[in-house]
Amino acid sequence: MKLLYILLIGLFSISLQAQDFSDEWTGYFSFANVGDVSEGNGRLYAASENAVFIFSTIDGSIITRSTINGLSGNRISSIYYSEAFDTLLIGYENGIIDIIVSNSENVITVVDIFNRLSIPPSRKSINHFTEFNGFVYISTGFGISLYDLGSLEFDDSYFIGDNGSQLNITQTTIQDEFIYASSTDGGVRRAIVNNDNIIDFNNWTTVTLGSFQGITSLNQTLYLANGNQLLRSTNGLTFLGFQQFQQGITDLEVNDDILSVTTPNSVQLFDSSGVSIESHTDLIEFDSPYSASVVFAGSIFLGTRGNGVARIPINNQGEITQLLPNGPLLNTPFNIEAVANELWVVYGEYTISYNPFPLTREGISHLTIQQGWNNIPFDDVLEATDLSYISVNPQNPSQVFVSSFQSGLLEINEDVPTILYDENNSSFTGIGANGSGVRLNGSTFDREGNLWVTNSRVPNIINRLSPGGQFTPFSFEQGLPNAIEALGIDDIVIASDGRIYIGTSSEGVAGFDPNTGEFGQLVGEEEAGNLPNNDVRALALDRNGTLWIGTRRGLRVLFSPSSIFTDPQASANAIIILEDDIPQELLNDQVVTAIVVDGANNKWVATADSGVFQFSPSGQETIFHFTEDNSPLPSNNVQDLAIDPQSGTIYFATTEGLVSFDGTTTGPAEDLENVVVYPNPVRPTFNGEVTIEGLTARTNVKITDLLGNLVHEENTIGGNITWDTRAFGRHKVASGVYLILITGPEALETQIAKLMIIR
């Protein structure tokens, strides 16, 4: 039997040093939804979904930790700070534990529980940490694990259910010689904490049966959460009713000899004698539910599910204040749009079959690099639900249009929603008997400043809003009637010749020429249009006019998009690459969610479960492939992408939060007055690429040595290029001074720069 215990519960110490990505990445996490809090050394530690913020009561500063700084990015289920070891422990629903020692920049990621095959995924959640004698007793979905804070390694794990079965332990506490454990499926059990054979389930006894959310101890009294009742025991064996609350208890904590009890709508404090000393219910400006609380520094710090942390001075010695780092409204961005130094975010969504129900009622977030986030609450968006797509007017960036997949089109001016266009005041058409349910999605501006918007499941699939405010509908009923039956219309792009291309959920790519009224279509799997799937979710036109098509089963390119108007046999092409010398179709069977083209004509492609790819202009070379494992992406499910045309920063909207990568490809400059070459000089320790920025479109760049020998030549598309300091990709060039000869289109503008290389 003893051997069986060892096989079942032995945990090997498997710790990984997490990487800090802050040099190239930025996180934009919401900290509003706080699930747990802890305190120590004058600091509050607040866990919000998959990130943490730390507030200092000494100087009022707030710092944040996220995947950018090495956190694992999973859903946080518990947080605990050990003052004795100056160590922060962050537990996750999947069993991973992140450890930060002495406020270090480094994060140690412990994956022992996560990797344990004998524990079902549903049983791995880290529910609570209790510190005692240099160890933390970790309450988990399977039992209790013991972790040594001094050596930072696991000791033992206890499966304390009947016959050594797994129990969902919600909390542990130490009183006298006993450790007590509450569970949802095995009542309360206890054992002598210093028993050398505590690992044996036979040494654990059942104190009481039932389902309990937590247990803690204060002044030789045990307190036990049982639904909306707080029970207590002075002998450790018999629990009696002590206090009843309106709602179920979510958290029990003892700090500064004060017991704080949190429910979804209240927090109540009890002193060491069990006397109620203070309570707060349904705080004004802090909507419930509440999640957890701690008491220190003369205040109650109450975690909320939507408003960060409320700091409540004890005995009403001051005003209630909010602790909430600047960030977007939510960690579920659905659609994003970037312009120079700005980003817009919406959170509406629909199912895979374009069903918007249940309707999402969320606001809008607007980031400006200079001022941070401005969040527009749902109360201000004129009751528009399921906000799903954004277009910023390139001629007037303060004017923004947001599509709703239920309510119409919302116009925003200077961050203020001003009008909602629906079936009553525009050419948009609703579905259903009463005409409500105006399902708008993709939108884009043309060169004349007209906004083109797609309208799903109605004849007028495309609508045009002129700069003067006039609406014009365009019916597909005669030209492409099947497109009307598609459950959803997604992306829309406009080519340089004015032709419009839209992605549909079942009819492939539909084309419309507003100048002639002609229609075109690319549809059919394999032999016909050669789409991998007729459900098209992403479209992008690159700088050569090629249409890139993302479907729910892969990627295609159409080199001459206008051919679908004249050639019934028009067919898209797969991109074939070599993997281990075997021809493979690029992104075969991948669910493509978004495609954007950067300043160098590289393609960024987002997927539903494989992260983000950056491909060379032809798609033949993979430049980057970012996933949860090698980057700060909090999820491999990436819903949208956006590129800042000025800085080249690319934003990733994932289902678990928003991050950005400081890309190296910017849009073309207007002239060659601000050409920059860096690093310069190139020193022996540098192994990267030289960047030349500030280039115009269609610029020719030649690099020669002082004798005029050409070592590199490139024609640009975007605003910068990089050089690996090799002579035409072969050997590295020698030390010396090199001339960079830059010639603009038609040789109307030239520049010469110098670069020194030291080997």
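Student: By class, what does the lining of the largest cavity look like?
Tutor: This is a predicted model, so we're reading computed features here. The residues that line the largest cavity include R43, R65 and D86, and also I54, L88 and I100. Arg and Asp count as charged, while Ile and Leu count as nonpolar. Sorted that way, the lining comes out as five nonpolar, two polar and three charged residues.

Student: Which elements give two or more residues to that lining?
Tutor: Look at the lining list again: R43 and Y45 are on it, and so are T87 and L88. Now put those beside the strand ranges, 43–48 and 87–92. The elements you're after are β4 and β8.

Student: How much space lies in the largest cavity?
Tutor: Start with the search of the whole structure, which finds one cavity of 30 Å³ or more. The space in the largest cavity is about 70 Å³.

Student: Where is N41, and is it buried, partly exposed or exposed?
Tutor: N41 sits in the loop between β3 (36–40) and β4. It has a positive phi of about 55° although it isn't a glycine. Its relative accessibility is 35%, so N41 counts as partly exposed.

Student: And E383, is that one buried or exposed?
Tutor: E383 also shows a positive phi, about 65°, without being a glycine. You'll find E383 in the loop between β34 (372–376) and β35 (387–392). The cut-off for exposed is over 50%, and the relative accessible area here is 65%, so E383 is exposed.

Student: How are the planes of F334 and Y350 arranged in their aromatic pair?
Tutor: The structure holds 39 aromatic pairs, and this is one of them. The centres are 5.1 Å apart and the planes make an angle of 80°. Planes over 60 degrees apart count as edge-to-face, so this pair is edge-to-face.

Student: How many residues apart in sequence are the parts that this pair ties together?
Tutor: F334 lies in the loop between β30 (321–323) and β31 (335–339). Y350 is in the loop between β32 (342–346) and β33 (364–368). Both F334 and Y350 are buried. The pair ties together parts that are, in sequence, 16 residues apart.

Student: What about Y421 and F471, which strands does that pair link?
Tutor: Y421 and F471 form an edge-to-face pair, with 5.1 Å centre to centre and 65° between the planes. Y421 counts as buried because its relative accessibility is 11%. The two residues are 50 residues apart, so to speak of distant parts of the chain is fair: the strands are β38 (residues 416–421) and β42 (residues 471–474).

Student: Which residue lies over the face of F565?
Tutor: Two arginines are worth finding here. R190 lies over the face of F178, at 3.7 Å from the ring centre. Over F565, at 5.0 Å from the ring centre, the residue is R499.

Student: Where is the cis peptide bond from S288 to P289, and what is its omega?
Tutor: P289 belongs to the loop between β26 (276–281) and β27 (290–296). The bond from S288 to P289 is cis, with omega near 15°.

Student: What is omega for the cis bond that joins F357 and P358?
Tutor: First find P358, in the loop between β32 and β33. The cis peptide bond there joins F357 and P358, and omega is about -5°.

Definitions and conventions:
Residues numbered from 1 in each chain as written. Predicted model: local features only at pLDDT ≥ 70, side-chain atom pairs only at ≥ 80, totals over all residues. Heavy atoms only, no water. Phe/Tyr/Trp six-rings, centres within 6.5 Å; stacked < 30°, edge-to-face > 60°. Helix = DSSP H or I, 4+ residues; strand = E, 2+ residues; numbered from the N terminus. Buried < 20%, exposed > 50% of the residue type's maximum accessible area, 1.4 Å probe, protein only. Lys NZ or Arg CZ within 6 Å of the ring centre and 35° of its normal. 1 Å grid on protein atoms, 1.4 Å probe; cavity = no way out; pocket = protein on both sides within 12 Å on 5 of 7 lines; lining within 4 Å. Points joined across faces, edges and corners; volume = space filled by probe spheres on them.
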